[in-house]
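Student: Pick one part of this model and take me through it closely, please. I'd like one connected story rather than a list of numbers.

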Amino acid sequence: MNTDDFISSLSEKTGRDVDDTARLVSSLTDIIVGGMQDGKAVSLQGFGIFEVKKRPEKIVSNPTTGKRILYPPKLVIGFRSSSLLKEKINSTEKN
């Protein structure tokens, strides 16, 4: 499902105009991104938690030259799905 499909489906379910729904989805993603930029975890009940994690620095080596390189630490986005979401996904697989 792409963004247009998602917006159309949400628009039908809510009975709202497609343009209003597109603005709603855009606002939702802005809020989630803004929360993560502030270093906060964003929790959506029944769906999951979006969070920013710090990946530590690591030393890697080039297999061809054997030269070792230090990769600096970086921030990565993590998502943990809720148990309710996992249950729903697993129950659809069995059907």
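Tutor: One bit of vocabulary before we start: helices and strands here are DSSP runs, at least four residues of H or I for a helix and at least two of E for a strand, and they are numbered from the N terminus. Also keep in mind that this is a predicted model.

Let's take the open sheet as our part, and use the pocket as the way in. The largest pocket holds about 320 Å³ of space. Helix 1 (3–14) and helix 2 (18–37) each put at least two residues into its lining. The full lining is Met-1, Phe-6, Ser-9, Leu-10, Lys-13, Val-25, Leu-28, Thr-29, Ile-32, Leu-44, Phe-47 and Phe-50. By character, that's nine nonpolar residues, two polar and one charged.

Leu-44, Phe-47 and Phe-50 are among those lining residues, and they bring us to the sheet. It is open, built from three strands in the order 1-2-5, and its pairing is antiparallel. Strand 1 (42–44) and strand 5 (74–81) are the edge strands: each has a single partner, so one side of each has no neighbour in the sheet. On average, neighbouring strands of this sheet are turned by 25° against each other, ignoring direction. As general background, the strands of a sheet pair through backbone hydrogen bonds, in a parallel or an antiparallel way.

Now go through the pairings. Strand 1 meets strand 2 (residues 48–55) in the antiparallel sense, over three bridges. One place to click is Ser-43, whose bridge partner in strand 2 is Ile-49. On the other pairing, strand 2 and strand 5 run antiparallel over eight bridges. Ile-49 turns up again here, since its bridge partner in strand 5 is Arg-80. Put those two together and you can step across the sheet: from Ser-43 to Ile-49, then from Ile-49 to Arg-80.

Next, the turn linking strand 1 and strand 2. This hairpin has three residues between the strands, and Gly-46 in it takes a positive phi near 80°. Gly-46 also has company from further along the chain: leaving out residues up to four places away in sequence, Ser-82 touches Gly-46, Phe-47 and Gly-48. Ser-82 sits in the loop between strand 5 and helix 3 (83–94). At a relative accessible area of 17%, Ser-82 counts as buried, because the cut-off for buried is under 20%.

Back to strand 1 itself, and to Val-42, which is found there. Val-42 has 14% relative accessibility, so it is buried too. Not counting neighbours within four places in sequence, its contacts are Ile-32, Gly-35, Met-36, Gly-48, Ile-49 and Phe-50. Ile-32 and Phe-50, by the way, also belong to the pocket lining. For a sense of distance, Val-42 and Val-52 are 10 residues apart along the chain, and their C-alpha atoms are separated by 9.5 Å.

Follow the contact to Gly-35 and you land in helix 2. Gly-35 is buried at 12% relative accessibility. With residues up to four places away left out, Gly-35 touches Lys-40 and Val-42. By contrast with those contacts, Gly-35 and Pro-73 are 21 Å apart from C-alpha to C-alpha, with their positions 38 residues apart in sequence.

While we're in helix 2, look at two more of its residues, Thr-21 and Gln-37. Thr-21 is buried, with a relative accessible area of 2%, whereas Gln-37 is exposed at 66%. Leaving aside neighbours within four places in sequence, Thr-21 is in contact with Ile-7, Leu-10, Ser-11, Thr-14 and Arg-16, and Leu-10 is one of the pocket's lining residues. Gln-37 gives you another distance to check: Glu-51 is 14 residues away in sequence and 9.6 Å away in space, C-alpha to C-alpha.

A last stop is the other strand pair. Strand 3 (residues 58–61) and strand 4 (residues 68–71) run antiparallel and are joined by four bridges. Val-60, for instance, has Ile-69 in strand 4 as its bridge partner. Their hairpin has six residues between the strands, and there Gly-66 takes a positive phi near 80°.

Notes. Residues are numbered from 1 along each chain as its sequence is written. This is a predicted model: local features need pLDDT of at least 70, side-chain atom pairs count only at pLDDT 80 or more; totals for chains, interfaces and linings use all residues. Side-chain values use heavy atoms; hydrogens and water are left out. On a 1 Å grid over the protein atoms alone, a cavity is a set of points where a 1.4 Å probe fits but cannot get out, and a pocket is an open set with protein on both sides within 12 Å along at least five of seven lines; lining residues have an atom within 4 Å of a point. Grid points are joined across faces, edges and corners, and a volume is the space filled by probe spheres set on the points. Ala, Val, Leu, Ile, Met, Phe, Trp, Tyr, Cys and Pro count as nonpolar, Asp, Glu, Lys and Arg as charged, and the others, Gly among them, as polar. Two strands pair if DSSP finds at least two bridges between them. Axes are lines fitted to C-alpha atoms, for helices over the stretch in contact, and angles run from 0 to 180 degrees between N-to-C directions. Buried means under 20% relative accessible area, exposed over 50%, partly exposed in between (1.4 Å probe, protein chains only). Contact means heavy atoms within 4.5 Å.
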